[in-house]
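Here is a short note to read with the structure open. Please take the points in order and find each element as you go.

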Amino acid sequence: MKKVLALLCLISLLVFALGGCTGNETSQGESSQESSVAQESSVAQESSAEESPQAESSQDQKETVRVAALKGPTGMGLAKLIEENESGESENHYEFTLASSADEILASIIQGEFDIAAVPTNVASILYNKTEGKIQMAAVNTLGVLYVLSTDESIESIADLEGRTVYSTGQGAVPEIAFNYVLEQNGLTPGEDVTIEYRSEHSELAALMASGEAEIALLPQPFVTSVLNQNENVKVVLDLTQEWNKVTEGKNDLTMGCIVVQKEFAEEHPQEMKAFLEEYQASVEYITNEANLDDAAELVEKADIIQAAVAKKALPECNIVFIVGEEMKSISDGFLQVIYDSVPALVGGALPEEDFYYQQSVE
């Protein structure tokens with residue numbers, strides 16, 4: 001029995017020794033197919049371990065920035081950036097949310113669910129006040145987009161609206177304040193010298209104007225273009241931005257839309273914020289360049305903002321801009337002052353303090 005056990009031990013030692021020799025021979029290129037596969041697998045694992053940091057997609061390594069915008073002029077300037085983000089060409093990685101109205105995203109902005117958002121300028125002031133300064137304005141992105149439409153081409157000035165009925169939207173909001181201010185500065189009293197009939201939705205008023213049921217209407221882009229496409233008898237008779245500039249003597253602009261940022265995000269992610277402003281500026285410049293109009297319209301449609309056919313005609317009239325720093329502050333202060341003097345609640349009950357304006361420069 002002892003001899004049998006000794007023999008088994010000897011056989012085991014020989015097998016172990018042969019295994020070791022086979023491993024040595026494998027390193028010299030004389031391995032079996034199984035050993036070769038094992039070695040290749042080991043090399044591949046080592047290579048993968050060495051290369052994994054570089055192999056990760058650049059998009060996964062980028063900071064995710066949550067951005068909300070509206071399906072209108074305040075969102076159109078983002079269309080190029082949205083495209084670049086989808087193709088992985090943007091410096092930041094963005095999560096975009098597009099809403100039909102500001103009401104859909106206000107609560108989420110207040111709760112910090114979005115880092116950056118495109119909203120009406122007066123809404124930015126409301127957000128600042130509601131969050132006790134946690135929201136800042138980073139850029140003005142839209143100037144006046146309000147126009148007076150009519151089938152009566154004899155209307156050439158604000159004075160020509162005396163005794164007429166004008167249909168409008170935005171009762172209790174910026175369109176009402178802006179229109180009333182322009183009327184008053186021209187010596188007309190809203191409700192007395194000019195009758196104003198309000199409708200709750202832009203689309204509802206656009207349908208009335210397109211069908212001929214309304215003769216004069218105050219509407220924003222891109223609904224203006226939609227009406228003009230449907231009724232050839234309707235013309236733009238007054239640009240409210242031009243009328244605003246006349247009565248304010250250029251001291252402030254009709255700053256309808258802007259970009260806001262969570263103050264905490266801007267402070268904790270200065271590089272990402274800087275990258276966003278630079279990429280957004282480039283996007284605005286591309287979208288507003290007449291040479292890119294066809295492509296810009298397609299990008300706006302691809303972003304699910306409005307149809308390309310409407311965007312192509314509306315974009316040149318949407319006053320999409322990129323204004324930051326001291327110029328942003330100077331043109332917004334006066335606009336917010338006018339609104340505050342009329343209806344304080346429309347800016348949140350108080351004018352914002354100096355820290356409302358984000359001042360990082362963009363080269």
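1. First, a term. Contact means heavy atoms within 4.5 Å. With that in mind, look at helix H11, residues 240-248. H11 lies across strands E5, E8 and E9. It runs at about 20° to E9. Keep in mind throughout that this is a predicted model.

2. Now the sheet beneath that helix. Strands E5, E8 and E9 belong to an open sheet of 5 strands, in the order E7-E6-E8-E5-E9. The pairing is mixed. The edge strands are E7 (195-198) and E9 (235-239), and each pairs on one side only. From one strand to the next, the twist averages 30°.

3. Take one strand pair in this sheet. Strands of a sheet pair through backbone hydrogen bonds, either parallel or antiparallel. Strand E6 (residues 165-168) and E7 run parallel, joined by 4 bridges. Which residue in E7 is the bridge partner of serine 168? The partner is tyrosine 198.

4. Another helix to find is H9, residues 202-211. H9 lies across E5 (146-150), E6 and E8 (216-220). Its direction is at about 140° to E8.

5. Move to the other sheet on this list. This open sheet has 6 strands, in the order E2-E1-E3-E10-E4-E11, again with mixed pairing. E2 (93-99) and E11 (320-323) stand at the edges with a single partner strand each, so one side of each is left without a neighbour in the sheet. The twist here averages 30° from one strand to the next.

6. Inside this sheet, E3 (residues 116-120) pairs with E10 (residues 257-262). The sense is antiparallel, over 5 bridges. Isoleucine 116 has valine 261 in E10 as its bridge partner.

7. Helix H6 (residues 103-110) packs on this sheet. H6 touches E1 (64-70), E2, E3, E4 (135-142) and E10. The direction of H6 makes about 135° with that of E3. Helix H13 lies across E2, E3, E4, E10 and E11, and runs at about 145° to E11.

8. Last, a helix pair. H13 (residues 270-287) also packs with helix H5 (residues 79-86). Their axes are 7 Å apart, at an angle of about 120°. H5 and H13 are therefore oblique to each other. On the H5 side, Ala79, Lys80 and Leu81 take part. They meet H13 residues including Phe276, Glu279 and Tyr280. By class, this contact has 6 nonpolar, 1 polar and 2 charged residues.

Key. Residues are numbered from 1 along each chain as its sequence is written. This is a predicted model: local features need pLDDT of at least 70, side-chain atom pairs count only at pLDDT 80 or more; totals for chains, interfaces and linings use all residues. Side-chain values use heavy atoms; hydrogens and water are left out. Two strands pair if DSSP finds at least two bridges between them. Helices (H or I, at least four residues) and strands (E, at least two) are DSSP runs, numbered from the N terminus. Axes are lines fitted to C-alpha atoms, for helices over the stretch in contact, and angles run from 0 to 180 degrees between N-to-C directions. Angles under 35 degrees count as roughly parallel, over 145 as roughly antiparallel, 65 to 115 as roughly perpendicular and the rest as oblique. Ala, Val, Leu, Ile, Met, Phe, Trp, Tyr, Cys and Pro count as nonpolar, Asp, Glu, Lys and Arg as charged, and the others, Gly among them, as polar.
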